[in-house]
Amino acid sequence: VQLQASGGGLVQAGGSLRLSCIGSGSINGMGWYRRPPGKERELVATITRGGSSVYADSVKGRFTISRDNTKVYLQMNSLKLEDTAVYYCNAQGLYSGRTVWGQGTLVTVSS
């Protein structure tokens, strides 16, 4: 399994961005995590192979995770300053069970 993330950038508070992550190989669950400046990496959202999703409380109602086979997306609306972070996608190999991480993509929300 390999992952390639894209879509980060600079956006004003209240704006929107869409992150994409393209995977290859046989994939089970996929997700998005983020590492805010000076903090630990944290869960943003996950989605199962069947499409069931889980969100961190901090992004519920603002972010939407979606999936198209081995591609996963994160639509981020109503962005806040505290959403500034490096965002990472991950995936679990369907047969190996191994977790693979994509390279991070930086999202910067400005006032």
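Which hand does the link of C21 and C89 have, right or left? Some notes on this predicted model follow, starting with that link.

1. **The disulfide.** C21 and C89 form a disulfide. Their sulfur atoms are 2.0 Å apart. The angle about the S-S bond is 55°, and the link is right-handed. The two cysteines come from distant parts of the chain, 68 residues apart. C21 belongs to strand β3, residues 17-24. C89 belongs to strand β9, residues 85-93. A disulfide is a covalent bond between the sulfur atoms of two cysteines. The count for this structure is one disulfide.

2. **Where the cysteines sit.** Are C21 and C89 buried or exposed? Both are buried.

3. **The nonpolar core.** The largest nonpolar core has 27 residues. Four of them touch the most other members: W32, L74, M76 and Y87. Several strands give two or more residues to this core. Among them are β1 (2-6), β4 (27-35), β5 (42-47) and β7 (63-68). The list also includes β8 (71-76) and β11 (105-110), along with β3 and β9. Which strand gives the most? Strand β9 does, with four residues.

4. **L74 and its contacts.** Take L74 as an example from the core. Set aside its neighbours within four places in sequence. L74 is then in contact with L17, R18 and L19. Its other contacts are W32, V44, A45, F63, T64, I65 and Y87. Note that W32 and Y87 appear here, and that both are also among the core members with the most touches.

5. **The aromatic pair.** The count here is one aromatic pair. Y33 and W101 form this pair, and it is edge-to-face. The ring centres are 5.1 Å apart, with 70° between the planes. Why does that angle count as edge-to-face? Because planes over 60 degrees apart are classed that way. Y33 is in strand β4, and W101 is in strand β10, residues 99-101. The pair links distant parts of the chain, 68 residues apart.

6. **Exposure of that pair.** Y33 counts as partly exposed, because its relative accessibility is 21% and buried means under 20%. W101 has a relative accessible area of 33%, so it is partly exposed.

7. **Charges over rings.** Look at W101 again. R41 lies over the face of W101, at 3.7 Å from the ring centre. A second arginine to look at is R18. Its charged end sits over the ring of Y73, 4.2 Å from the centre of that ring. R18 is also one of the residues in contact with L74.

Definitions and conventions
Residues numbered from 1 in each chain as written. Predicted model: local features only at pLDDT ≥ 70, side-chain atom pairs only at ≥ 80, totals over all residues. Heavy atoms only, no water. Disulfide = S-S within 2.5 Å. Buried < 20%, exposed > 50% of the residue type's maximum accessible area, 1.4 Å probe, protein only. Core = buried A, V, L, I, M, F, W, Y, C linked by side-chain atoms within 4.5 Å. Contact = heavy atoms within 4.5 Å. Phe/Tyr/Trp six-rings, centres within 6.5 Å; stacked < 30°, edge-to-face > 60°. Lys NZ or Arg CZ within 6 Å of the ring centre and 35° of its normal.
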